[in-house]
Amino acid sequence: MKIDIVSVFPEYFDVLNLSLFGKAQAKGLIEVHAHNLRDWTHDVHHSVDDTPVGGGAGMVMKPAVWAECLDELLGLEPADATPDAAVDTATDTAVDTATGKPVLIFPNPSAPLFTQRDATELSHADHLLFGCGRYEGYDARIPAYYRAQGVNVREYSIGDYVLNGGEVATSVMLEAITRLIPGFMGNPESIVEESYTGEGALLEHRQYTKPAQWRGLNVPDVLLSGDHGKVDRFRRDEALTRTNDIRPDLIEQLGCKALDKADRKTLMALGWEVSGEHPRRRGK
């Protein structure tokens, strides 16, 4: 996978040379290039921002600078969009792994939430291009223009909070995406039963290691029993319970037909009705 990142602080991404990400680069699984947006400026101050149209606090990143940069990295000929065109808010299109076309991604706190499903889909792309905004963000015409050119443009938030820039969010998304590439993880089985993963996604059960007793706290006895069936059931029940307590919205997305008898018993004990297509809170 080829990964291009555009930022006014490209040195931030030196961290990608560490740990599994660095090893994946050494093995040739991924190729990362961090670019300085200011390299595409032409004024003495290398300005990438200007005041917002209509007034207001802060500064907005200029579309002209971004366009020069993105045209080059995407291999597009510079062109003007249709005059007076409305801002395009089209939904995302699926990753086309057959053509190898790049996916252009902008972190944005006002965008849809980035999920494990998005990470899984994007892990099949050949080329990802991240644009890291700063200040009050980037001009809204930038993603609109590139969508109009046929580029697969994504805008994602990583949570209900605001950061100083897109660099941290880009790092988060990259870690979530690249660890799903075959060969990236040392033990591929370690990503099979994680939180939010696969159909019927739940929060993962808690994990323990040795010693079995530590500072007065004990590992649950069932994990020491050697009975793999009981261990699996304990972990499944704990996953259902934790998801019920923390993310009940994920319980509501489960398909009742896919639940086994023990799952149904656990959910019923937690206050769920499981006779329909999806679980629902009893009394609702």
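**Reading helices and buried side chains**

Biologist: In this structure, what covers the buried residues of helix 1?

Modeller: The cover includes strand 1 (2-7), strand 2 (31-36) and helix 5 (167-178), and I should say at once that we are reading a predicted model.

Biologist: How should I read a helix like this, and which residues of helix 1 are buried?

Modeller: The general idea is that an α-helix has 3.6 residues a turn, so residues three or four places apart point the same way. In helix 1, which spans residues 19-26, the buried residues are Phe21, Gly22 and Ala24. Seen down the helix axis, these buried residues fall within an arc of 160°, so they line one face of helix 1.

Biologist: Which exposed residues does the face turned away from that buried side carry?

Modeller: That face of helix 1 carries Ser19, Lys23 and Ala26, which are exposed. After helix 1 comes Gly28, and the phi of Gly28 is positive, near 85°.

Biologist: Turning to helix 4, how many of its residues are buried?

Modeller: Helix 4, made of residues 141-148, is mostly covered, with 6 of its 8 residues buried. They are Ile142, Pro143, Ala144, Tyr145, Tyr146 and Arg147, and what covers them includes helix 2, strand 4 (60-61), strand 5 (103-107) and strand 7 (152-156). Just after helix 4 there is again a glycine to look at, Gly150, which takes a positive phi of about 90°.

Biologist: Where does Asp71 sit, and what is the nearest side chain of opposite charge?

Modeller: Asp71 lies in helix 2, which covers residues 63-74. When you read a buried charged residue, look for a partner of opposite charge, and then for other polar partners. Asp71 is buried but has no salt bridge, since the nearest side chain of opposite charge, that of Arg141, is 14 Å away, whereas a salt bridge needs the charged atoms within 4 Å.

Biologist: Which side chain, then, does a polar contact join to that of Asp71?

Modeller: The side chain of Tyr146 is joined to that of Asp71 by a polar contact of 2.8 Å. If we leave aside neighbours within four places in sequence, Asp71 is in contact with Leu76, Pro78, Tyr145 and Tyr146, and Tyr145 and Tyr146 are among the buried residues of helix 4.

Biologist: Finally, how many disulfides does the structure hold?

Modeller: A disulfide is read from the distance between two cysteine sulfur atoms, which must be within 2.5 Å, and the structure holds 0 disulfides. Among its cysteines, Cys132 is buried, with a relative accessible area of 1%, and Cys256 is buried with a relative accessible area of 1%.

Notes:
Residues are numbered from 1 along each chain as its sequence is written. This is a predicted model: local features need pLDDT of at least 70, side-chain atom pairs count only at pLDDT 80 or more; totals for chains, interfaces and linings use all residues. Side-chain values use heavy atoms; hydrogens and water are left out. Buried means under 20% relative accessible area, exposed over 50%, partly exposed in between (1.4 Å probe, protein chains only). Helices (H or I, at least four residues) and strands (E, at least two) are DSSP runs, numbered from the N terminus. The arc is that of the directions from the helix axis to the C-beta atoms. Contact means heavy atoms within 4.5 Å. Lys and Arg count as positive and Asp and Glu as negative; His and the chain ends are not counted. A polar contact is a pair of N or O atoms within 3.5 Å; within protein, one must be able to donate a hydrogen and the other to accept it, and residues adjacent in sequence count only if both atoms are side-chain atoms.
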